[in-house]
Amino acid sequence: MSESAGAGERTSSSASTQPTGLSVTLRALWRTGVIVWQFVPLVLAWARDRRRFIFFGRSRSVSSTERTRRARELKTTFVELGPAFIKLGQMLSTRPDALPEEYVEVLAELQDRVPPDDWADIERVIESELGPIEQHFDEFETTPISGASLGQVYVAECGGETVAVKVLRPGIRERVESDLRVLSVLLPILTRGAPPGQAFTLENVAEEFAATIRREMDYGHEARMLQTVGRNFADSDDIAIPSVRETHSTGRLLTMTYVDGVKIDEVERLDELAIDRREVVRRLEEVYIQMIVEDGVFHADPHPGNLAVQPDGTLVFYDFGMTGSLGPQTREQLMEFYIALAADDVERVMDAFVAMGAMDPHANREVMREAFEIAIEQFRGEDISQYRIEELVGQFEEQLYEFPMRLPQDLALVVRVTTVLEGVCRTLDPEFDFIDIITEYVMEEGAAEAGTAVREELTNTVRATSRALVRVPRGLETALDTASRDDLLVQALMEDSGGLTTRMARRLLLGLVLSAGVPIVAFLYTRGTPVALWTAVALTTLAGGTLLLSFRRQRGPRLSQPQFTRHELRQRRQTDPEE
């Protein structure tokens, strides 16, 4: 068996086995007590928000300042509880559908930097995975160049090449698995006290978190992502992705080429190298758009520590532990979203969010339209009136994170990438305009892939000369768009110039006499009273005849009922397939 094949087997077996046994169970029991004790103050505060005296009393309002203070306490608690909870806090910071805005902003400050483990412990991990270090590496620096909550990175020499070696912390899988068990036990209790709209979201977040952190601890998965993204940019000379040395990699150890560069947020150093920061921003956004929309596999943690720039302007990407993947349908819907952004069409933006399952189709579109308009203005870097923001938040503060938005995990990662990238890009270029880059991409790259129809559609929309303006008045087009979303309320005002109302009332009365006369005739027929029977027959016949003649004599205006429902549209399409 070759060494490469052996490494592959070690990766597969390591990745597929989750820690189990008595030690994990005992640690989970101990951690349950620790975690519950840490969260008691926050839980009591949240309980008192619902009932002032916990078991009775009115609810109490919580100011934004108080929520921010609690969010900082929660952040401190996550840090004290260790790696799994730091990662959980980072994930929650990408979920505005799960937590109020103040919590999202504070948890976004979480960094998973922790003191490095002793070299002796790390050495044992390396030798248990590969064997004696001196047999596999020419030199090995024992001081890590980077450390995080799950792993540490070292520099080494291997076959005359400088490599970076990423090592999973000793015992980290057992610690994380124990905490995941605790979360699975405590989650039903937390969701029981959560608002109805949040229980489902929190359950999904917990499931997604468990899958995500287990993937991050599987360096075999990270190696595959490095190779996939590397292949996607193999023809791009201005993009550097570390290549994997498979013979020196396992599920707990990843060896890759060492790629140097200047951290992307070191603005002064970039200026000293005469690097065009605006060009770096433009290229960075193009790369992420390609990864997300075209390739469907993307680097999902673009904070400054994972991005660098070489003296010739080449972009360097590190740490593919957190990655995202999108299916063809989601990528197509994202393309539609980008086209809507480029065209500044808020209605179309909301439709794209509904199609992606990120927004409740029954949400208040007026309120959400305001929210999206503000978000688009922020992407453009425009100043926004504070009064306008406060007015918007006041309209749906209690519902903002309760019902409209339900972000699937893949889209939550896209939101995270977009948000973090915006901060990085504004550091490099304060005049950064995300919408301009999207417009340029859609016009040049996206249109080429999607075909000439997309180019024509976007060009016509941006220039405000689309074919719809020629065929149909703009107001009618908007009404038809609204009707397609089942939001249209049709009101008809009719002038009774031809006595239409009188005729309709007379026909209604005759119809009632006719419908009542039939069962009466049947009843009298069984009773055997001829006089009453024939009288009823005569009246019923007269009512029916008069009603029939009224329709035959009708020459006035007719009332046609507009059909604007999806049900009617489906019926028409079934009867006329060519329509």
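Which residue does Arg31 form a salt bridge with? The close-ups below start with that pair and then move on to other spots in this predicted model.

**Close-up 1. Arg31 and Asp179 pair up in a salt bridge.** The partner of Arg31 is Asp179, and their closest N and O atoms are 2.8 Å apart. Follow the chain from one residue to the other and you'll see that this pair links distant parts of it, with the two positions 148 residues apart. Arg31 belongs to helix α2 (residues 22–50), while Asp179 belongs to helix α8 (residues 172–193). Are these two residues buried or exposed? Arg31 has a relative accessible area of 6%, so it is buried. Asp179 comes out at 3% relative accessibility, so it counts as buried too. The cut-off behind both calls is simple: buried means under 20% relative accessible area.

**Close-up 2. Glu286 meets Arg282 in helix α12.** Here the salt bridge between Glu286 and Arg282 has its closest N and O atoms 2.2 Å apart. Why are these two about one helical turn from each other? They sit four residues apart in helix α12 (residues 277–295), and that spacing is why about one turn separates them. Arg282 has 26% relative accessibility, so it counts as partly exposed.

**Close-up 3. Glu286 also makes a salt bridge with Arg283.** This time the N to O distance is 3.4 Å. Glu286 and Arg283 are both in helix α12, three residues apart, which is again about one turn of the helix. Arg283 is at 15% relative accessibility, so it counts as buried. Now widen the view a little: salt bridges with shared partners join Asp238, Glu279, Arg282, Arg283 and Glu286 into one network. Across the model, the salt bridge count comes to 27.

**Close-up 4. Four aromatic residues gather in one cluster.** The members are Trp119, Phe137, Phe140 and Tyr154. Counting aromatic pairs in the model gives ten. Take Phe137 and Phe140: their ring centres are 5.2 Å apart and their planes meet at 80°, so this pair is edge-to-face. The rule needed here is that planes over 60 degrees apart count as edge-to-face. How accessible are Phe137 and Phe140? Phe137 has 4% relative accessibility, so it counts as buried. Phe140 has 15% relative accessibility, and therefore it counts as buried as well.

Notes: Residues numbered from 1 in each chain as written. Predicted model: local features only at pLDDT ≥ 70, side-chain atom pairs only at ≥ 80, totals over all residues. Heavy atoms only, no water. Phe/Tyr/Trp six-rings, centres within 6.5 Å; stacked < 30°, edge-to-face > 60°. Buried < 20%, exposed > 50% of the residue type's maximum accessible area, 1.4 Å probe, protein only. Salt bridge = Lys/Arg side-chain N within 4 Å of Asp/Glu carboxyl O.
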